[in-house]
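Here's a quick briefing to read with the coordinates open. Pull up the model and follow along.

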Amino acid sequence: MNTPLIPIGLALIMMTVGLSVRLSDFRALPRQWNAVCAGLLAQLVFLPLIALCVALVTRLDTVYAIGLIILASAPGGISSNLLTVLARGKTALSISLTILTNLVAFITIPTVLSITFLIFTGSGVDGPSSSELYALPFGETALKVLAISALPLAIGMAICRFFPIFANRIEKPAKFVASAIFAAIVVNSFYSEWNSIMAHWSTVGPAVILLNVAAIGSALLFSRLFRLSAQQALTVAIECGLQNVALALVIAQFMGNGRFMVPATIYALVMNVSVLILIAAGNKLSESKSEVHSKS
């Protein structure tokens, strides 16, 4: 799976996200700043910590523990915005969280990985040596994430801002292509790591499921602490539950060990099951509100 086409594909996906951003999406943000703060804290700070705790509790092999934390450090992806619409959540909030977390990913991901590798240094795992883990090139990693995530995202936003007619014309076909690329990346990772996935499903699978449940649960907890509305809480839960699997897979590829990809590959399946539950809950909530309004 070590091919330059995958990072290029991810860059195209992130540019497509930028094409869908409108200034009007951000005008309502000052009125829900507490929701933005809750989402950012849940995703950028607590989700990697939760992944570390899950890895320790389930006693994952170090290489899979690191892969789990790589996944947790990757922010929400392109699908979270669409699924928020389907769940009748707060679309502007979802877009804002996706944009903000991906724009700072080139700082947050190398930081999380540097700390993670220091924690696991000297574990003797069959993979990166202790010296390689300790000498993680922060600057190189940051530049790679910047090149495949934040920069294409900013380019897409610039096209949307300065060439709106062109952006509107290519937005739908670009989303179709981006979805196809995302599917290809995940399917390719399944194909290349299938034997490893099957061999370690009994250990990695439960940890991945636990991470997904804990991610959504922590998002709902933060929403309660920040006194968010039900729709805002639902949106934050979707953002935390739907990680950018494509970005996680590319980062794992950069690190040169295919086994780092296994948790993210399994998560691609697990997260879609949980988000279907959130969509159903969101629609049920919306229907209940409509009934209340009609009766009143």
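What follows is a short tour of some backbone, aromatic and helix-packing details.

Keep in mind that this is a predicted model. Two arginines in loops have positive phi, a few phenylalanines gather into a ring cluster, and helices H3 and H6 pack against each other with their axes within 10 Å.

**Backbone: positive phi**

- Arg59 isn't a glycine, yet its phi is positive, near 55°.
- Where does Arg59 sit? Look in the loop between helix H2 (33-57) and helix H3 (62-73).
- Arg59 has a relative accessible area of 75%, which is over the 50% cut-off, so this residue counts as exposed.
- Arg227 is another non-glycine residue with a positive phi, about 55°.
- You'll find Arg227 in the loop between helix H9 (164-225) and helix H10 (230-241).
- Is Arg227 buried or exposed? With a relative accessible area of 77%, Arg227 is exposed.

**Aromatic rings**

- A pair of aromatic rings is described by how far apart the centres are and by the angle of the planes.
- How many aromatic pairs turn up here? The count is two.
- One of them joins Phe222 and Phe226: the ring centres are 6.2 Å apart and the planes are at 20°, so the pair is stacked, the cut-off being under 30 degrees.
- Phe222 counts as buried because its relative accessibility is 10%, and buried means under 20%.
- Phe226, at 27% relative accessibility, counts as partly exposed.
- Ring pairs also bring in Phe46, making a cluster of Phe46, Phe222 and Phe226.

**A charge over a ring**

- Arg161 has its charged end over the ring of Phe162, at 5.6 Å from the ring centre.

**Helix packing: H3 and H6**

- Two packed helices are described by the angle between their axes and the distance between the axes.
- For H3 and helix H6 (residues 105-120), the axes come within 10 Å and cross at roughly 160°.
- Why do H3 and H6 count as roughly antiparallel? Their axes cross at roughly 160°, and angles over 145 degrees count as roughly antiparallel, so H3 and H6 get that label.
- The handedness of the H3 and H6 crossing is right-handed.
- On the H3 side, the residues in contact are Thr62, Ala65, Ile66, Ile69, Ile70 and Ser73.
- They meet Ile109, Val112, Leu113, Thr116, Phe117 and Phe120 on the H6 side.

Conventions:
Residues numbered from 1 in each chain as written. Predicted model: local features only at pLDDT ≥ 70, side-chain atom pairs only at ≥ 80, totals over all residues. Heavy atoms only, no water. Helix = DSSP H or I, 4+ residues; strand = E, 2+ residues; numbered from the N terminus. Buried < 20%, exposed > 50% of the residue type's maximum accessible area, 1.4 Å probe, protein only. Phe/Tyr/Trp six-rings, centres within 6.5 Å; stacked < 30°, edge-to-face > 60°. Lys NZ or Arg CZ within 6 Å of the ring centre and 35° of its normal. Axes fitted to C-alpha atoms, helices over the stretch in contact; angles between N-to-C directions. Parallel < 35°, antiparallel > 145°, perpendicular 65-115°, else oblique. Left-handed = near helix turned anticlockwise from the far one by under 90°. Contact = heavy atoms within 4.5 Å.
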